[in-house]
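Please find below some notes on the model you sent. They are set out as numbered points, going from the pairing of strands to single residues and then to the chain as a whole.

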Amino acid sequence: MLPRSARSDLIPLFYFHTQTGTRYTDVDGTDLAGPVDARRQAIQTCGQMMQEAPEGFWGSRPWSVTVTDAVGLVLWEISIDGQSSAATMTMD
C-alpha cells in the first residue's frame, strides 16, 4: 500500500467494509491498481474472515464484505451465509 502523500490520483482507493457478528467500517481504504484487484481482495477478505472464526460463522447472520469507492458508492458486495440442515441436528 502506498503512503497517502505518495498516492497518485490514477490509483483507485477501495474501502472494504465487513459484517460478521459486528460491523467494521474501513476508514483507511486500500490502494489497488483497479477493479480486478479489488474484487480479488474482497474474495481474499472473505476467506480470511472465515479462517479466523469458523465456528462463529455457523448459525449467525450472513457475513459480508462490501467494497466502496472513496465517496461511499457501493461497487461490489459478497454475502456469505452458512446454514445447517435438519440432518445435522444430531451432530452438534
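1. Two strands count as paired if DSSP finds at least two bridges between them. E4 and E5 meet that condition, being joined by 6 bridges and running antiparallel. One pair in this ladder is threonine 66, whose bridge partner in E5 is glutamate 77. Please keep in mind throughout that the model is predicted.

2. E4 also pairs with strand E1 (residues 13-19), again in an antiparallel arrangement, here with 5 bridges. Across this pairing, glutamine 19 stands opposite serine 64 in E4.

3. How many of the residues of strand E4 (residues 63-68) are buried? The count is 6 of 6, so the strand is mostly covered, where buried means under 20% relative accessible area. The cover is on both faces: Trp63, Val65 and Val67 are buried on one side, and Ser64, Thr66 and Thr68 are buried on the other.

4. The hairpin of E4 and E5 has 5 residues between the strands. Within this hairpin, glycine 72 has a positive phi, near 95°. I would mark this residue when describing the turn.

5. A nonpolar patch lies on the surface, with an area of about 300 Å². Val71, Leu73 and Leu75 make it up. Leucine 75 belongs to strand E5 (residues 74-80). Why can leucine 75 be part of a surface patch? Patch residues need over 30% relative accessible area, and leucine 75 is partly exposed at 31%, so it passes that cut-off.

6. The search of the whole structure gives 1 salt bridge. Arginine 40 and aspartate 37 form it, with their closest N and O atoms 3.1 Å apart. The cut-off for such a pair is 4 Å, so this distance qualifies. Both residues sit in helix H1 (residues 35-52), and because they are 3 residues apart there, about one helical turn separates them.

7. Are the two partners buried or exposed? Neither term applies as it stands: arginine 40 is partly exposed, with a relative accessible area of 45%, and aspartate 37 is partly exposed too, at 27%. Aspartate 37 can also be placed against phenylalanine 14, 23 residues away along the chain. The C-alpha atoms of these two residues are 9.9 Å apart.

8. Threonine 45 is another residue of helix H1. Its relative accessibility is 12%, so it counts as buried, the cut-off being under 20%. Leaving aside residues up to four places away in sequence, threonine 45 touches Thr18 and Val65. Val65 is one of the buried residues of E4, and Thr18 falls within the range given for E1, residues 13-19.

9. For the overall description, the protein chain has 2 helices and 5 strands. Read from the N terminus, the order of elements is β-β-β-α-α-β-β. Of contacts between residues at least 6 apart in sequence, 44% join residues at least 24 apart.

10. Some totals for the protein chain close the note. It has 92 residues, and buried residues make up 28% of them. The accessible surface comes to about 6,300 Å². Carbon and sulfur atoms account for 56% of that surface.

Note on methods: Residues numbered from 1 in each chain as written. Predicted model: local features only at pLDDT ≥ 70, side-chain atom pairs only at ≥ 80, totals over all residues. Heavy atoms only, no water. Salt bridge = Lys/Arg side-chain N within 4 Å of Asp/Glu carboxyl O. Helix = DSSP H or I, 4+ residues; strand = E, 2+ residues; numbered from the N terminus. Buried < 20%, exposed > 50% of the residue type's maximum accessible area, 1.4 Å probe, protein only. Patch = residues over 30% accessible without salt bridge, like charges linked within 9 Å, V, L, I, M, F, W, Y side chains within 5 Å. Areas by Shrake-Rupley, 256 points an atom, 1.4 Å probe, with all protein chains shown as cover. Contact = heavy atoms within 4.5 Å.
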